[in-house]
Amino acid sequence: MKDEFEQIRDEIPYSSPVKPVQLNLDSEFQFDCHPGVSCFNECCRSIDIQLTPYDIVRLKRHLHLDAREFVARYTVPFEMDHHGMPGLKLATKPGTTECVFLGEEGCTVYPDRPSACRYYALGAMGVRKVGEPRVEDIYFVVHEPHCKGHAEPVRRTVREYRKSQGVEIYDEMNREWRDIVIKKRTSGPTIGAPSERSMQLFDMCSYDMDSFREFIQSEGFRAVFDLPDEELNRLVEDEDALLQFSFRFLKQVLFGEFSIPRREEGVQQRIEARKHIWKKRKEEMERRYREEMERLKYEEEQQFSAEKQSDPQAQARR
Ligand code: SF4
Ligand code: SF4
């Protein structure tokens, strides 16, 4: 049976007949990229880059934008799995495949470029091997014909390359989120299709720290979760800590992995309040069902009388 790396590797459209080799942190590979290469910026002219939560935090801060504005202006939504788990890709300039941040002199957001840009020409992924609970980090070299960096005479280990590209902090900040995505993808039919509400929460906790910051200060959140004021203030002021907290919150909501203390009376009040909402929702669904039945009955009667007028004998035979 193929493991996840082998399955994904076989789906990547390689132009080279050589299949990528799985690397670990101490594996060496030959590659270098610098402004002197003849292909400089070629890789930014045809992009397909998935953004991580920490990519978004860094980019929106770089551009001094609110998360909602950044997402609206510079990303394109896509679904990460067949249940509609929301993902975001970096936008391209209108009518082209060129990155929206590519300028005359190169990358205009270079100090805060996304983690996929830092890794290139390495690919990186978390893989849960068959029968193992742990998610393993694996790496592979991506060979694309336009990239001349593979001919540069520089050899480094994956560990050295990651350090030189400043990618370690990105992996650290995104690790829990990556594990949530893998768990959600592989949770199987016992958990079933996620509700729209859980997908909305996933979206906010992954890509919109400004809304999440407002959410944790709301009365509804504070009625249910028992966070000391000091902790709440720290989260409001420190966006990196807020991002990590949002992943804890997601794990609690999606998988029942409790790490945020709850106020039991708040939970009970919420259940009581929800009972009212569920009752209303049920009544609304019943009302819509009745209306739909009446509409179908009316259409059938209309069709019947139209047929009767056009062919009275046929109707007599019915
Ligand atoms: S963000 Fe910068 S490095 Fe990444 S594809 Fe765009 S221009 Fe290139
Ligand atoms: S060497 Fe590769 S990564 Fe560097 S600019 Fe050229 S295409 Fe991009």
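**Exercise 1. Find the residue of S3 that stands opposite Val76.**

Solution. Start with the strands: in this predicted model, S2 covers residues 75-79 and S3 residues 86-90. Strands here are DSSP runs of E with at least two residues, helices are runs of H or I with at least four, and both are numbered from the N terminus. S2 and S3 pair in the antiparallel sense over five bridges, where pairing asks for at least two DSSP bridges. Follow the pairing from Val76 and you arrive at Lys89. Now look at the turn: six residues lie between the strands of this hairpin, and Gly84 takes a positive phi near 85 degrees.

A word on conventions: residues are numbered from 1 along each chain as its sequence is written, while chains are lettered from A and ligands numbered from 1 in the order in which they are written. Because the model is predicted, local features need pLDDT of at least 70 and side-chain atom pairs count only at pLDDT 80 or more, whereas totals for chains, interfaces and linings use all residues.

**Exercise 2. Place Thr92 and decide on its exposure class.**

Solution. First, locate Thr92 in the loop between S3 and strand S4 (102-103). Next, count: Thr92 has 19 C-beta neighbours inside 10 Å, so it is partly exposed. The classes are buried for 20 or more other C-beta atoms within 10 Å, exposed for 12 or fewer, and partly exposed in between, with C-beta atoms placed from the backbone. Then list the contacts (C-beta atoms within 7 Å): leaving out residues up to four places away in sequence, Thr92 touches Ile47, Thr97, Glu98, Cys99 and Val100.

**Exercise 3. Describe how H8 and H11 cross.**

Solution. Take H8 (residues 209-216) and H11 (residues 239-255): their axes come within 10 Å and cross at roughly 75 degrees. Axes are lines fitted to C-alpha atoms over the stretch in contact, with angles from 0 to 180 degrees between N-to-C directions. The helices are therefore roughly perpendicular, a label for 65 to 115 degrees; under 35 is roughly parallel, over 145 roughly antiparallel, and the rest oblique. H8 brings Met209, Phe212 and Arg213 to the contact, and H11 brings Glu239, Leu242, Leu243 and Ser246.

**Exercise 4. Name the residues around ligand 1.**

Solution. Collect residues whose C-beta atom, placed from the backbone, lies within 6 Å of the ligand. You should find Cys44, Ile47, Cys99, Phe101, Leu102, Cys107, Val109, Arg113, Pro114 and Cys117. For ligand 2, 13 residues form the surroundings, with Cys33, Cys39, Cys43, Cys147 and Gly149 the closest.

Terms used
Two residues are in contact if their C-beta atoms, placed from the backbone, lie within 7 Å.
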